[in-house]
Each structure stands twice: as structure tokens, then as C-alpha cells.
Amino acid sequence: MKTVRLGLIGLGNIGRHHATYLQAGKVQRCELVAVCSTTPAKMEAYRPLVAWTDARALIASGTVDAVLVATPHYQHTDLGIAALDAGVHLMVEKPISAHKADALKLIAAHERNPKTVFGGMFQLRVEPRYQKLRFLIESGELGRIVRVNWINTDWFRTDAYYASGGWRATWAGEGGGVLLNQCLHNLDILAWLLGLPSSIRAHVTLGRDHTIEVEDNVTAYLEYASGATGVFVASTGESPGTNRLELTGTRGRAVLEDGKLRFIRNLSDMTEFSRTSQSGFAKPESWNVEIPFENADQPHAQLMTNFTDAILDGKPLIAPGPDGLASVELANAMLYSGLTSQTVTLPLDAEAYALKLQKLIAGSRFVKKTVASDASDFAASFRR
Ligand SMILES: NC(=O)c1ccc[n+]([C@@H]2O[C@H](COP(=O)([O-])OP(=O)(O)OC[C@H]3O[C@@H](n4cnc5c(N)ncnc54)[C@H](O)[C@@H]3O)[C@@H](O)[C@H]2O)c1
């Protein structure tokens, strides 16, 4: 195989974005050969590519080596399993599944088909600002991490956004709100930087700022086995919102906000300083460092290039699909804690959460009104 023959499943906001850079040749050795949508009219624009209305038929056709699944959340599991069991490589949009039990099923399908390449579309991982934060942690520059605070309230969405798709912001169609959709990218980065906490206590409000039944406001308190603590705040109802990630370690503090990454570097470890200083009010000397970074060019295309290289050359994936379990687990656990008003210990009980979600679906009285909206400014939503 010298090129990867790719089928794109789902031609909504993100599916069309993927099609655009793929057709512009931004991913070498990856050829978009087929598109699939349950809405045939959406495929007209992609002629003469082969058009499928049934994703399973496309997967079974033998005409593609890989698929990119860009459908609503619940289909990720079923279509992903169908692809992996057919020996078709899989790149799945985030979240890898709507809930942990489904994510485990998808990962099990990959484990029984180990020759398949399974990637997750977590494009923030190629952003140098997050790579540099990871470097600060892994190199020991920050010392032992004691606190993380991430205010993620710049995911503002209008009612028109929620009304643009029947699946959006419903328990049955999406399985969650700001946590599972918008902030899932941030939860992936949080887990990529720090691993999973050992417990979570969250407060969530359902439809506080929108006519929706799922969560649009979250404040979560996290505890890590290391003793570190954290606060994660998310909202789609605030404008202007804030995106401030603050990581405090014993060797200093890194703050990512307003397009700047600042590192206040302690010249000595603060814990060591506290133990050895003879003065009651002294502090370690600290230096201000501004860490330069560029924004990634075409981050989705970069992940697809890496996926292609993994298939053709065996290169390691930047965002392996099974890594997507962590962000699903965080989103589910925060929501579960908020809904049950209890502290949730991790690992999350996947079956208990699935049952809770089923009850929310069964108990839903929400009547969704769908209205077409202008999505021409969609790409602006990638900036964080
Ligand atoms: N990585 C990113 O930057 C990013 C950005 C936006 C959305 N997403 C994710 O992408 C997915 C899609 O989001 P969206 O905003 O494009 O949604 P959307 O509603 O705009 O598009 C989804 C499309 O999938 C189609 N579809 C549904 N079931 C299908 C099936 N079985 N076979 C083929 N097509 C099917 C629908 O007709 C619709 O056109 C979600 O998981 C979302 O979280 C990722």
C-alpha cells in the first residue's frame, strides 16, 4: 500500500472541514476516495468521489483502507467497531464514544484487531503551547505539580448552534453537553499533561444559559493521588469567556492565557525552601520567562498525516484512539458527580454511569426544535 484510500463518514461541520484540507492535498499519501452521509444531498459537492449512504456498506466494500468517522457521538462506537472488525484503520472524531462503557467496547475491538491503526482526533496535542507545557512537566522544570486551575469558559455557543442539529445537546443524541463536546479537547490535554485524578466533585447546571437539557456550566474540583488538586470550570454560556490554564509546581508556575505562555520560575524548590529558610516571610527568588510558541498550521491535517504515516510506516500515533478513554472518563465522572451530588472516585464505574445515562434518556421530556443555521464561521472555533 503506497497511499491510504480514505472514506469520510459524516459531512457536517467538521466532516466538511476534513474534506477541504484532504482535497487540497494537505495530507500526503492519503487519498479521499469516498464520502458517506445519511443525507445524500450533502454528497453532491464531492462528485466524482464514490458516495455512500450506508457507512457499514462503505466499510465492508473493500474500497477503503481507512475511515474517518465524523458523525454524532453515539455512532463513533458502532461504526468504529465495524471498521476495526473489518480490518479497516480508524480515525475517530472526539469523543471516541459517548460514555466509558462504549469506549471500552471500542478499545476491545482494537485489541482483537491489533494490526489496525486506531487514532483519535485530538488536534490540540499538536499545538506547541501544550507541547511546551508538557515539556515543562516532563523535564522537571515545574517540579512536583501541586495545583492545576483551568477556566474554560470561552466556548460560547448560541441557541442557534444548539438548534442546528437534532442530536445536539440531548441525552439521546449527544450524551452530554459542554464536557463531552466542546471541552473534551481540554480534558484530553488535562489527562495528557497530568494523568487522571483519583477523585472528582463537580457541580453542573443543565441548560442554565440555553434551551437545552444537558450541562452548559460546570465547576469541578479534582484530587490527584500525588496530593495535587485542581479546579476545572467550563461553560458555553459566557461571553467574553476566559481560557486560563495555570499549572503550579514546586519549581514555579506556568500560565497559558491570552495567547501567551508565561513561566514564573522559582530558583529553588519552594518546599525545600520552606523547610530550610531561617526567615518566616521569605520566598524563593523567581524569574519571569515568556515562552514563545507558534500556533499549529492545520492541526487536523497534521493528525491525519501522522495517522497516514502510522498506517504506511508504522510511525507512533500522536493521539492513539485508546488514549481517548481518559477524556471520556473525565467528562462522564464530572457529570456523574454533579448529577448525583457525590464525590466520584476514579476509575469511574462504567456500568453505573451507563445506567444513569439510560435513565436520563428514558426520562427526557425535552422536545428538540431543529433550525438550520449559518456555520460559515465554524473554523473560528478551533482557536483554543
Ligand atoms: N476535532 C474537532 O475540532 C471537532 C470540531 C467539531 C466537531 N467535532 C466532532 O465531530 C463530530 C461531528 O460534529 P459536527 O459538528 O460535524 O456535527 P454535524 O451535525 O454538523 O454533522 C454530523 C453529520 O453526520 C451525519 N451522519 C449522522 N449519522 C451518520 C451515519 N450513520 N453515517 C453517515 N453520516 C452520518 C449527519 O447527517 C451530519 O451531516 C462530533 O463527534 C463532534 O464532537 C470535532
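In the predicted model, the domain assignment of the protein divides the chain into two parts, each built from two separate stretches of sequence. Domain 1 comprises residues 4-124 together with 298-318, and domain 2 comprises residues 125-295 together with 327-382. The C-alpha centres of domain 1 and domain 2 are 26 Å apart.

The two domains touch through 22 residues of domain 1 and 27 residues of domain 2. On the side of domain 1 that touches domain 2, the elements that give two or more residues are helix 1 (13-23), helix 3 (73-85), helix 4 (100-112) and helix 9 (299-313). Of these, helix 4 gives the most, with four residues. When the residues on this side of domain 1 are sorted by class, 13 are nonpolar, seven are polar and two are charged.

The strands of the model were examined next. An open sheet is formed by six strands, which follow one another in the order 3-2-1-4-5-6 with parallel pairing. Strand 3 (50-52) and strand 6 (118-120) are the edge strands, each of which pairs on one side only. From one strand to the next, the twist averages 25 degrees.

Within this sheet, strand 1 (residues 4-9) is paired with strand 4 (residues 66-69). Four bridges link strand 1 and strand 4, and the sense of the pairing is parallel. In this pair, Ile9 stands opposite Val69, a residue of strand 4.

A further feature is the packing of two helices. Helix 7 (residues 184-194) packs against helix 10 (residues 324-340) at an angle of about 115 degrees, and the axes of the two helices are 8 Å apart. Because angles of 65 to 115 degrees count as roughly perpendicular, helix 7 is described as roughly perpendicular to helix 10. The crossing of helix 7 and helix 10 is right-handed.

The contact draws on residues from both helices. Helix 7 contributes Leu184, Leu187, Asp188, Leu190 and Ala191, while helix 10 contributes Ala326, Ser327, Leu330 and Ala331. By class, the contact of helix 7 with helix 10 consists of seven nonpolar residues, one polar residue and one charged residue. The charged residue is Asp188 of helix 7 and the polar residue is Ser327 of helix 10.

Technical notes: Residues are numbered from 1 along each chain as its sequence is written. This is a predicted model: local features need pLDDT of at least 70, side-chain atom pairs count only at pLDDT 80 or more; totals for chains, interfaces and linings use all residues. Two strands pair if DSSP finds at least two bridges between them. Axes are lines fitted to C-alpha atoms, for helices over the stretch in contact, and angles run from 0 to 180 degrees between N-to-C directions. Angles under 35 degrees count as roughly parallel, over 145 as roughly antiparallel, 65 to 115 as roughly perpendicular and the rest as oblique. A crossing is left-handed if the near helix is turned anticlockwise from the far one by less than a right angle, and right-handed if clockwise. Two residues are in contact if their C-beta atoms, placed from the backbone, lie within 7 Å. Domain bounds come from an automatic or database domain assignment.
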